[in-house]
Amino acid sequence: MFQKIKKHWFGIITCTIFTLYALFLMLVFFAPRVDIKERGFVFCTKQMMARFGECSQNKLFCTLKIMIQNNACDFNVVKTGFVQWLGGEQKTPWANYYFEPVLSQEPPADDEELKAYYQEHLDLFAEMEELNKSRIELEKQTQKIVDKAPSAPTEDDEITLNEEAKNEEK
């Protein structure tokens, strides 16, 4: 047994590392990624997306660096949950990243402007349909105008006009 371990130690360590990393990725993959309170991995995801916009030069290495930083941030979230669980601050080690996400907030009940808007516009769906029909009509009218407009002269037209002018001079 010891001989097999001695012979294949590098493969065993490599497989163990890859297996642990795959488990970590599955843990992150199934966690909620959208939450108004930005709990768990949501902060890391938003931070990563903001950094992707900054990559303009050396995109491959920049992207790789951002992905490594995101993995470090995700690992930090897992570590924080485990430490909080050991300290008795939460019931389970995964409570800080597996949660019921809050996706939307109810509008305040005392928002008078919002109430007035809804009183004026009782059927928003019908208004949107009407706007969509108006948009389609405008597009059709614009297309008719574009089709009727004369095209800009091309190089061939200019050459023909120049030749005709020379012939008239002779």
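In this predicted model, Tyr-98 is partly exposed, its relative accessibility being 30%, whereas Tyr-97 is buried, with a relative accessibility of 5%. The assignment of Tyr-97 follows because a residue counts as buried under 20% relative accessible area. The search that covered the whole structure returned 7 aromatic pairs. Among them is the pair formed by Phe-82 and Trp-85, which is tilted, with 5.5 Å from centre to centre and an angle of 45° between the planes. Phe-82 and Trp-85 lie about one helical turn from each other, because they are 3 residues apart in helix H4. Phe-82 is partly exposed at a relative accessibility of 42%, and Trp-85 is likewise assigned as partly exposed, its relative accessible area being 34%. Tyr-97 and Tyr-98 also form a tilted aromatic pair, for which the centre-to-centre distance is 5.4 Å and the planes are 55° apart. In addition, one aromatic cluster is formed by Tyr-21, Phe-24 and Phe-75.

Burial was further examined in helix H3, which comprises residues 42-52 and whose buried residues are Val-42, Cys-44, Thr-45 and Met-48. These residues are on the same side of H3, because the arc that they cover around the axis is only 160°. The elements that cover the buried residues of H3 include helix H4, which spans residues 59-86; helix H4 is also the helix in which Phe-82 and Trp-85 are found.

Conventions. Residues are numbered from 1 along each chain as its sequence is written. This is a predicted model: local features need pLDDT of at least 70, side-chain atom pairs count only at pLDDT 80 or more; totals for chains, interfaces and linings use all residues. Side-chain values use heavy atoms; hydrogens and water are left out. Buried means under 20% relative accessible area, exposed over 50%, partly exposed in between (1.4 Å probe, protein chains only). Helices (H or I, at least four residues) and strands (E, at least two) are DSSP runs, numbered from the N terminus. The arc is that of the directions from the helix axis to the C-beta atoms. Contact means heavy atoms within 4.5 Å. Rings of Phe, Tyr and Trp (its six-membered ring) pair if their centres lie within 6.5 Å; planes under 30 degrees apart count as stacked, over 60 as edge-to-face and the rest as tilted.
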